[in-house]
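Reader: I have a structure to look at and do not know how to read its surface charges or its rings. Could you take me through them?

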Amino acid sequence: MAFSQSALQAELYSVFNSMTDGDNHKFSKGISDAFKNFVDSGKPQTTDSGSIPTGTFTGASTDGSMTSDSSGCESIIQTACEAMVDGSKSNDYIAEKIAEGLQDLTDGTEVNTSVSGTTVPPVPPPPTIPTSGSAKGGIDCDTSPVEAGLKACFSAMVDMTEGGNMYFASELARLTYTCLTSGTVNTDGVGNLEGSKGVGNAS
């Protein structure tokens, strides 16, 4: 799997179209679940290096996964929806909270990778030793462009008489895709790779 902007857009569009009974829980759970499904589909790639117990290691990830928890995101968006009911909050507020929810979700995302490379021992020979292991870490994302983009989206939707759900879904999917693909993956080697660090991105 890999990040699919079109799949995220389709899932968000389905959520927005299902909101016909005024139940805000559909909105908060739908968006947070869509964010989770999107993030969990990502494939991390890292370049790894460092001093490990057997010598100086250099390598890269060969496989990996991302796992997120949507509960905090859902709670943030749901609380925002409830605060919007009396009309005291503007659309900018819900934009801020959707971005905040996505930030909470990405901050808690766990990245696991399988890593392979070579190690140069302190005293050769042999000159290099094939080395494989695993690493874990997270992804650092900046959701401020998501907030800014959603504020612009909501502003544009004010005068729309039709197509609002699709426009909202397409913009949120685009902003989320850009946010995640621009994020930085950082991992630390575990076990025999303790001491190495991986840096990269996800796609």
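Author: Start with exposure. This is a predicted model. A residue is partly exposed when its relative accessible area falls between the limits of 20% for buried and 50% for exposed. Asp-104 has 35% relative accessibility, so it counts as partly exposed.

Reader: Where is Asp-104 placed?

Author: Asp-104 belongs to helix H4, which covers residues 91-107.

Reader: Which residues gather with Asp-104 in a patch of negative charge?

Author: Asp-69, Asp-107 and Asp-140 join Asp-104 in that patch on the surface.

Reader: Now the rings. How many aromatic pairs does the structure hold?

Author: There are six aromatic pairs. To read one, look at the angle between the ring planes: under 30 degrees counts as stacked, and over 60 as edge-to-face. Phe-3 and Phe-38 are stacked, because their planes meet at 20°, with the ring centres 4.7 Å apart.

Reader: Why does the pair of Phe-3 and Phe-38 tie parts of the chain together?

Author: Phe-3 sits in the segment before helix H1 (5-18) and Phe-38 in helix H2 (residues 24-40), so the pair joins parts that are 35 residues apart in sequence. Both Phe-3 and Phe-38 are buried.

Reader: What are the distance and angle for Phe-154 and Phe-168?

Author: Their ring centres are 5.1 Å apart with 70° between the planes, an edge-to-face pair. Phe-154 is in helix H5 (residues 144-157) and Phe-168 in helix H6 (residues 164-181), 14 residues apart.

Reader: Are Phe-154 and Phe-168 buried or exposed?

Author: Phe-154 and Phe-168 are both buried. Ring pairs also link them with Phe-16 and Phe-27 in a cluster.

Definitions and conventions: Residues are numbered from 1 along each chain as its sequence is written. This is a predicted model: local features need pLDDT of at least 70, side-chain atom pairs count only at pLDDT 80 or more; totals for chains, interfaces and linings use all residues. Side-chain values use heavy atoms; hydrogens and water are left out. Patches are made of residues with over 30% relative accessible area and no salt bridge: like charges are joined within 9 Å, nonpolar side chains (Val, Leu, Ile, Met, Phe, Trp, Tyr) within 5 Å. Accessible areas come from the Shrake-Rupley method with a 1.4 Å probe; for residues, only the protein chains shown count as cover. A salt bridge is a side-chain nitrogen of Lys or Arg within 4 Å of a carboxyl oxygen of Asp or Glu. Lys and Arg count as positive and Asp and Glu as negative; His and the chain ends are not counted. The place of a charge is taken as NZ of Lys, CZ of Arg, CG of Asp or CD of Glu. Helices (H or I, at least four residues) and strands (E, at least two) are DSSP runs, numbered from the N terminus. Buried means under 20% relative accessible area, exposed over 50%, partly exposed in between (1.4 Å probe, protein chains only). Rings of Phe, Tyr and Trp (its six-membered ring) pair if their centres lie within 6.5 Å; planes under 30 degrees apart count as stacked, over 60 as edge-to-face and the rest as tilted.
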